[in-house]
Amino acid sequence: MREIKFRGITIEPLVSGENWIYTDDEMPEIYLNHVDKLAYINMQAVRYDSVTQCTGFKDINGREIYEGDIVLTSLGQKIVVKYYKLYAGYIPFVSDGGCGCCSDDFTRYNPEHVKVIGNIFENPELLEDADN
């Protein structure tokens, strides 16, 4: 069973100077208020729209892949990782086990064959002319 993890961009930079905060085994706390658009990770205020979940996959370099990441495929395509409810999986990694229900072009990539090159929050310019 995969570990459920989240990340978000902090409102104020952390002491370390980082802008991202992650849940972990020691402090897996997350709070989302959908009405007021408030979010907290490990009691730290984060941008509500930046809270994303870890897919449970790692890229070719062993980096964890989160929703909102931009990945570069072995074919040179840039694709935004997102949860797709219809397939109950993450684009571009969903698999239908051979039944044909998930035969769209975006369903064919092995996470270990892509590279995380950025994310939609910090690197939106990467999406210019991208296949997403």
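Here are four short exercises, with worked solutions, on the predicted model shown above.

**Exercise 1. Find the strands that pair with β1, and say how they run.**

Solution. Begin with β1 itself, which covers residues 6-9. Next, follow its bridges to β2 (residues 20-22): three of them join these strands, and the two run antiparallel. In this pairing, I9 stands opposite W20 of β2. Now turn to β6, which spans residues 52-58 and pairs with β1 in the antiparallel sense over two bridges. Here F6 of the β1–β6 pairing faces its opposite number, Q53 in β6. The answer is therefore β2 and β6, each antiparallel to β1; a pairing calls for at least two bridges, so the two bridges to β6 are enough.

**Exercise 2. Decide whether R7 is buried or exposed, then work out which polar partners its side chain has.**

Solution. First locate R7: this residue belongs to strand β1. Its relative accessible area is 3%. Buried means under 20%, so R7 counts as buried. Then look for partners around the side chain. One is the side chain of D69, with a polar contact at 2.7 Å. Another is the backbone of E67, whose oxygen lies 3.5 Å from a polar atom of the R7 side chain. As a last step, place D69 in its surroundings: strand β8 takes in residues 69-72.

**Exercise 3. Work out the strand order of the open three-stranded sheet that contains β8, and name its edges.**

Solution. Start from β8 and β9, which are paired in the antiparallel sense over three bridges. A residue pair to check on screen is L72, which stands opposite K78 in β9. Adding β12 gives the order β9-β8-β12, with antiparallel pairing. The edges are β9 (78-80) and β12 (115-119), each of which pairs on one side only. To finish, consider the twist: ignoring direction, neighbouring strands in this sheet are turned by 35° against each other on average.

**Exercise 4. Identify the residues of the nonpolar surface patch of about 270 Å², and explain why L38 can belong to a patch.**

Solution. The patch is made by Y31, L38 and Y40. Among these, take L38, which lies in strand β4 (residues 38-41). L38 has a relative accessible area of 37%, so this leucine is partly exposed. Patch residues need over 30% relative accessible area, and L38 passes that cut-off because its value is 37%.

Methods. Residues are numbered from 1 along each chain as its sequence is written. This is a predicted model: local features need pLDDT of at least 70, side-chain atom pairs count only at pLDDT 80 or more; totals for chains, interfaces and linings use all residues. Side-chain values use heavy atoms; hydrogens and water are left out. Patches are made of residues with over 30% relative accessible area and no salt bridge: like charges are joined within 9 Å, nonpolar side chains (Val, Leu, Ile, Met, Phe, Trp, Tyr) within 5 Å. Accessible areas come from the Shrake-Rupley method with a 1.4 Å probe; for residues, only the protein chains shown count as cover. A salt bridge is a side-chain nitrogen of Lys or Arg within 4 Å of a carboxyl oxygen of Asp or Glu. Helices (H or I, at least four residues) and strands (E, at least two) are DSSP runs, numbered from the N terminus. Buried means under 20% relative accessible area, exposed over 50%, partly exposed in between (1.4 Å probe, protein chains only). Axes are lines fitted to C-alpha atoms, for helices over the stretch in contact, and angles run from 0 to 180 degrees between N-to-C directions. A polar contact is a pair of N or O atoms within 3.5 Å; within protein, one must be able to donate a hydrogen and the other to accept it, and residues adjacent in sequence count only if both atoms are side-chain atoms.
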